[in-house]
Each structure stands twice: as C-alpha cells, then as structure tokens.
Protein chains: 2
Amino acid sequence: MAIKKDISQAVIKRLPRYYRSLKLLSSENIKKVSSKELAEMLDITASQVRQDFSNFGEFGQQGYGYDVDKLKLEFEKIIGIDKTYNMIIIGAGNLGKALNSYSGFVSSGFNIISLFDIEDKSNENILSIDSLTKNFIEENSIDIAIITVNSDSAQSIADKLVKCGVKNIWNFAAIDLDVPKDVNIENMFMSDSLFVLTYKMNH
Amino acid sequence: MAIKKDISQAVIKRLPRYYRSLKLLSSENIKKVSSKELAEMLDITASQVRQDFSNFGEFGQQGYGYDVDKLKLEFEKIIGIDKTYNMIIIGAGNLGKALNSYSGFVSSGFNIISLFDIEDKSNENILSIDSLTKNFIEENSIDIAIITVNSDSAQSIADKLVKCGVKNIWNFAAIDLDVPKDVNIENMFMSDSLFVLTYKMNH
C-alpha cells in the first residue's frame, strides 16, 4: 500500500468516518459495499470516495464494489489502530475521570497508564503532576498524553509534556496550544459539535 | 443576510472553526483579517474561504479584508449562538457530570436545566429518568438533550426523548441513533479525533 504524501486535512478527517461506516457494515454482516453506498453513509459524493481512496492505493476493482472486511482492515492499518498505544491523562476532573474509566479505549488497544492532577488527589489513586517526568514517560513507553485540565493551565501542561518527551497530545482544553513542530496535537473542541447542532436548529 | 439553501455539511462543519478563529483574533485586538489569513488559520485555501462566505451573503469588500468584530457577530448569528438554549443531560456518569459542571456552557448561553440518570441517584440531586416527561420538556422549554448514557442504552433514551417532544439531540454515545427526520442530531464521536491523532503519528 503506497500512501501519497500531503494528504489533505479534509481527507484525514474523513478516515475515521469511513472506518466507522465499515465497522457498522461489518457488524451487520454485509460483505460488499460500493463507493456510492459509502458516499451516502458519509454524506459525500461517490467520486469523492474514489478520490479519497486513490490517496491510499487500490482497494477494489471498479464496478465490483469493495470487500467490507478487507477494507476495514486496510483502514485500521491506515489509521494506525492495528497497534496498541499507552496513554496518560493530565487533569483528574470529571472529564479526565470519564476518559479514564471509558472501557471503549481498552477494547480498541488504547491503554491508560496513569491519571495525573495538578492538585493532590493521592487518596483517589491519582498521581501528582510532580511525578510526571521524562523518566516516567520513557519507562512506561507513553505514546499519547491527554490534556483535560482547564484552559488556563493547558499551555503550561503542554510545555511540561513536551519537555518530558511526549510526542503526541490529545487536547480537550478549549484553546489552541503551542507545541513544537515535531509534536502531533489533535484538539477535541466539543463546542464545535454543539455549534453545528445550533446551526441546524436555526436553518 | 440571505443564506443559501443546501449548504454542504463540509461548509457547516467549518463554521465553528471560522468562529473560533475570529474569537481568537478579536481577543488579540486584531481589527481586520483577509481571506488569506483566515484560510491559513483553518488550513484551507483563500478561495475556499471566499466560496464558503458566498453562501451567507456579503461580508466585506474585495481587497479590504473583513472587519473581525463584525464578522464574529455575523457568525454568532449564522451559528445561532446569539440566543440562549435550555439543555438537559441524560446519563449522570463521569461524562454527564463533566458536561453538567462545565462553566463554558453557561457563559455561552447554554443553560443546563437538569441531569437525569437511569439509575436512582436522587441522593446526588440527579433526577430519575421516570420524571423525564413531555410535560417536563414543555414546562422547562428544553431545546437540546445531551445523551451521555452508554451505547447500549442510547437508542432507547433517544426514543424516549423523541416521544417527549425533544427536537435536538447532542449524542455522545458511540453509535449512530435512529431519529425521525424532524429531529436534529449531532454526534460527538470522540474516537474520531483520537484516530486522526493516531493517523498523524503513523504518517
């Protein structure tokens, strides 16, 4: 599978949606899917589907549709969820605790190693931010840090994470964080989704 | 402001991102912004910005850039956040509690009226799902219901909400829900964001 360089953000953002559709089809025991059917599931055009797929090589034969399970596996490889990841969470408020106890992570290969907080919550088995060190990150092979502190503390936490050698950050704080270019960051701005809903309500 | 019909999902999903960029510029006291600068902030092309804006009428004069504060207000109107909304949350696990205590909602005009749960949590001031009725929805002018129960219960909760007359659902459960066509639903699939991160990590 030869993946083209410079794949657009729009295509990358559609990958999880393709994967979700394929998982659904697979769970319904559907074996074949056409680009037209996938397009309908994603609310895009069939030519967009074919164009998206062309970034990742050949997935099927024109006119015969795609093999659902095979394509699902291809997408797992492309998205990188054919592997496991070790994660930590910084911020043991309700959101941090919700993510920490979310069973869906474990079943998808995302292991949460530890939950940290700025405040002393040692009685709840939550680690102090002071014990978050370069050593800890290395010894526990931490792949991803999740930031669930409030917006005011998020940048200083991001700085600390970068200093400790964390290369991938999933940010839930409602601000854009400055990180070096070699650090991947993905923001989970929940209000974006709420605003799409209010838009729909008003039009 | 004459808004065109049939605005694509892709454009709608960019609206909150334009709004976030404009809020940031405004907070930095920047008065003017060009389509090129906005395009860079959103990681799209300037012609895409102009094309997006053309759906909503005229925002500025070619070559002069846009007035940041004026454009921010226009986007508030377009997104519909120039109004207030009453919300309820169904599912008082950690995620439901996190949303219930999120102060950002109140400051943006989103009032959480009540938190419900399937289990009896009356000692925590959480309402029983049995008290969720058509009457409750009407008397409290509920605009939006947030579903934070687990995937297994989400469809039956959605059915109950629809029966009670709820017209707008913000769904955090990791499944697509079936609702009538006149009910707006917006899904907050958090793993989509995580998968974009794992994609970036692997490419």
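Analyst: Let's start with a term: a polar contact is a pair of N or O atoms within 3.5 Å; within protein, one must be able to donate a hydrogen and the other to accept it, and residues adjacent in sequence count only if both atoms are side-chain atoms. This is a predicted model, where local features need pLDDT of at least 70 and side-chain atom pairs count only at pLDDT 80 or more, while totals for chains, interfaces and linings use all residues. Residues are numbered from 1 along each chain as its sequence is written, chains are lettered from A and ligands numbered from 1 in the order in which they are written, and side-chain values use heavy atoms, with hydrogens and water left out.

User: How many residue pairs are in polar contact between chain A and chain B?

Analyst: There are 20 such pairs between the two chains, with both residues at pLDDT 80 or more. Several elements build that side of chain A: α1, α4, β3, α5, β7, β8 and α9 each supply at least two residues of the part that touches chain B. Helix α9(A) gives the most, with twelve residues. Helices (H or I, at least four residues) and strands (E, at least two) are DSSP runs, numbered from the N terminus.

User: How many residues are in contact across the two chains?

Analyst: Contact means heavy atoms within 4.5 Å. On that basis, 55 residues of chain A touch 55 residues of chain B. You can also look at buried area, the accessible area (1.4 Å probe) that two parts lose on being put together, summed over both. Here it comes to about 4800 Å², with carbon and sulfur atoms giving 68%.

User: What rotation superposes chain A on chain B?

Analyst: Copies are superposed by least squares on the C-alpha atoms of residues with pLDDT of at least 70 in both. Chain A lands on chain B after a rotation of 180 degrees with 0.0 Å of shift along the axis, at an RMSD of 0.0 Å. That is the relation of a two-fold axis. The same surface serves both copies, since 100% of the contact residues of chain A recur in chain B.

User: What should I know about chain A by itself? How many helices and strands are there?

Analyst: Chain A has nine helices and eight strands. Its C-alpha atoms fill a box of roughly 60 × 45 × 35 Å, taken along the principal axes. For burial, buried means under 20% relative accessible area, exposed over 50%, and partly exposed in between (1.4 Å probe, protein chains only). Of the 203 residues in chain A, 47% are buried. Among contacts in chain A with a separation of 6 or more, 58% come from residues 24 or more positions apart.

User: Which residues of helix α3 of chain B are buried?

Analyst: Look at residues 46-54 of chain B: the buried ones are Ala46(B), Val49(B), Asp52(B) and Phe53(B). They sit on the same side of α3(B) because they cover an arc of only 120 degrees around the axis; the arc is that of the directions from the helix axis to the C-beta atoms. What covers them includes α1, α2, β2 and α4 of chain B.

User: And Asp152(B): buried or exposed?

Analyst: Asp152(B) counts as exposed, because its relative accessibility is 75%. You'll find this residue in helix α8 of chain B (residues 151-163). Asp152(B) and Val49(B) lie 103 residues apart in sequence and 40 Å apart in space, C-alpha to C-alpha.

User: How many salt bridges does a search of the whole structure find?

Analyst: Side chains of opposite charge can pair when their charged atoms come close. The cut-off here is a side-chain nitrogen of Lys or Arg within 4 Å of a carboxyl oxygen of Asp or Glu. The search over all chains finds 20, and the count between chain A and chain B is four. Asp192(B) and Arg20(A) meet in one salt bridge, at 2.4 Å from N to O. There is also a network of salt bridges linking Lys13(A), Glu186(A) and Lys200(B).

User: Which residue forms a salt bridge with Lys31(A)?

Analyst: Asp69(A) does, with the closest N and O atoms 3.7 Å apart. The pair links distant parts of the chain, 38 residues apart: Lys31(A) is in the loop between α1 and β1, and Asp69(A) is in helix α4 of chain A. Lys31(A) is partly exposed at 49% relative accessible area, and Asp69(A) is partly exposed at 31%.

User: Where do Glu124(B) and Lys97(B) lie?

Analyst: Their side chains meet in a salt bridge, 2.9 Å from N to O. Glu124(B) lies in the loop between β4 and β5 of chain B and Lys97(B) in helix α5 of chain B, so the pair ties together parts 27 residues apart in sequence. Glu124(B) counts as partly exposed at 39% relative accessibility, and Lys97(B) is partly exposed at 25%.
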